[in-house]
Amino acid sequence: MSVRSVTSRIDGLPAAASRVRTWAAAQRWWLAALFAIALAWHISSWVSLSQGFLNPLFNDATRRLGQGSDFFAVYHAGEHFRHNESLYVLKEGAFPPYPFAYSYRYLPSVAYTVGAPLSLLSPWVAYWTWLAFNELLLAINLVLTWRSSPTPALRWLCCSMWLLFTPLYLEFYMGQFSFVMASLLFWTGLALATKTPIAGGASWAVSLVVKTNSLVLAPLWLRMRAYRVVVGGLAFAALLNVPYFLLKPGSLGHWLDNFSGVFGGAPIDTSAGSFGLRNFLAAIDVLAEQRGGVVLNVLARIAEPPVWAPAIAAVSLVATFAQRRFDPVTSFAVWCTTYFLIYTDVWEHHYVMLLPTLVLLVMRRPQFAAIALVTYVLVALPTPYWLFERLERDPAEVRSPLWSDPQHAWTALEILVNHLTKVLPTLLLWAVLVRSSLREADWRQLRLWAPAPPAGAASNRVDAPGDLG
């Protein structure tokens, strides 16, 4: 396929978006039925959380520690905080028994604002209480989506998108904090779309103390010249966490270990449950080393140079700062997709943090509706893990259950396809967003500290000072 034909197809996206909206308006009742199906799926997901019939669809629900293992890391840290023990050192048997848990990886503020209060409850009561809180957030997001959608058809469609997203089941199964992040990101993006960036800045500041990966949105605020949002958010996070790091020597080092893989200090995970671009590239390198072959060796030479993540981040920066008519929602979407392309620890449940971007693009940016819906469908579906696990294998192949990586029994093609299922549509969405931003770029604006326009000067830019409150 020629470059010109690819370009023409991308240029046709606005027309495709118009057709999507026209179709949606004509199919309102079908979309209402879709919402009913989505609601039934969501209810069945809650039933499966106690019965487990959906677990075989997911690597992390069958090959990892067990249900609630991410939540119990926070529960354990909260218990340690109440007993003045280190949050980051797992001391088995130190306190009354609690279920299995991974190591605690969050900022201290999560332990003493969420973990400590919940650790006063019994472990499983605390877990279900946490899920009830997440369900409340989901209900809030549905209400905001319903009220913010410009047409009745889009209301049904976008609300269904929240409920049909299978990574959400895995998120609840693990008891993770990614959906809290997804909600905060949705509120941030919605505030940008409705030109209330102060509310968006407040949501972003809170997100920094939940998971620091939302720091990836800092260039967006700098481009809007909302410097106080950046400074205020960082100061808020520091105020809640620096005192603990000072009082507990060594705790800062434990927390910083989370980022060692980002800068090449630790190997990148290549198990069947990892779905970032860097996980995929690392998997190619591992396959070439273990199995050899001309094709794998060639792919490994392409994937090996550690320039892909910096290059993607650099392109996102250029797309942010060179836009002639800056659209904060598009830039928000660029950086939310960039995260999955540059970070090292991207798991399947993390993709709930992409869901707000997809909903906002369908709801508020019709020119990206078609590509956002295609991306949504591909990311919302379960990975082929469940299929590859059931294919006929060598009878001599023994597959141990817990903590084992099923990929040792898979073909190289199956491994690569599995890793690509989530990140490839995310990469394509990022490329469309970036291309749209760069298509009419004003390279004179490519400055981080862009001067504000003279007082009283007219401006047609979305980030004009008057829009920042």
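**Exercise 1. Find which helix gives the most to the nonpolar patch on the surface.**

Step 1. Start with the helix: helix 16 (residues 294–303) gives the most, with five residues. Helices here are DSSP runs of H or I with at least four residues, numbered from the N terminus.

Step 2. Now list the patch. Val294, Val295, Val298, Leu299, Ile302, Val307 and Trp308 make it up, and together they have about 650 Å² of accessible area. To join a patch, a residue needs over 30% relative accessible area and no salt bridge, and nonpolar side chains (Val, Leu, Ile, Met, Phe, Trp, Tyr) are joined within 5 Å. The areas come from the Shrake-Rupley method with a 1.4 Å probe, and for residues only the protein chains shown count as cover.

Step 3. Check one member. Val294 is found in helix 16, and it counts as exposed because its relative accessibility is 68%. The cut-offs are under 20% relative accessible area for buried, over 50% for exposed, and partly exposed in between (1.4 Å probe, protein chains only).

A quick note before you go on: this is a predicted model, where local features need pLDDT of at least 70 and side-chain atom pairs count only at pLDDT 80 or more, while totals for chains, interfaces and linings use all residues. Residues are numbered from 1 along each chain as its sequence is written, and side-chain values use heavy atoms, with hydrogens and water left out.

**Exercise 2. Work out what lines the largest cavity.**

Step 1. Count first: the structure holds three cavities of 30 Å³ or more. A cavity is a set of points, on a 1 Å grid over the protein atoms alone, where a 1.4 Å probe fits but cannot get out; lining residues have an atom within 4 Å of a point.

Step 2. Take the largest cavity, with a volume of about 80 Å³. That volume is the space filled by probe spheres set on the points, and grid points are joined across faces, edges and corners.

Step 3. Look around its wall. Leu185, Asn213, Ser214, Val216, Trp335, Cys336, Tyr339, Phe340 and Met353 line this cavity, and helix 18 (residues 328–342) gives the most to the lining, with four residues.

Step 4. Sort them by class: seven are nonpolar, two polar and none charged. In this sorting, Ala, Val, Leu, Ile, Met, Phe, Trp, Tyr, Cys and Pro are nonpolar, Asp, Glu, Lys and Arg are charged, and the others, Gly among them, are polar.

**Exercise 3. Track down the salt bridges and say which parts of the chain they link.**

Step 1. Get the rule straight: a side-chain nitrogen of Lys or Arg lies within 4 Å of a carboxyl oxygen of Asp or Glu. By this rule there are three salt bridges.

Step 2. Arg105 pairs with Asp345, with the closest N and O atoms 3.1 Å apart. This pair links distant parts of the chain, 240 residues apart: Arg105 is in the loop between helix 5 and helix 6 (108–118), and Asp345 in the loop between helix 18 and helix 19 (355–364). Arg105 counts as partly exposed at 37% relative accessibility, whereas Asp345, at 17%, counts as buried.

Step 3. Asp327 and Arg365 also meet in a salt bridge, 2.8 Å from N to O. Asp327 counts as buried at 13% relative accessibility, and Arg365 does at 16%.

Step 4. Finish with Lys422 and Glu348, at 4.0 Å from N to O. Lys422 sits in helix 22 (residues 412–438) and Glu348 in the loop between helix 18 and helix 19, 74 residues apart. Both are buried.

Note on methods. Patches are made of residues with over 30% relative accessible area and no salt bridge: like charges are joined within 9 Å, nonpolar side chains (Val, Leu, Ile, Met, Phe, Trp, Tyr) within 5 Å. Helices (H or I, at least four residues) and strands (E, at least two) are DSSP runs, numbered from the N terminus. On a 1 Å grid over the protein atoms alone, a cavity is a set of points where a 1.4 Å probe fits but cannot get out, and a pocket is an open set with protein on both sides within 12 Å along at least five of seven lines; lining residues have an atom within 4 Å of a point.
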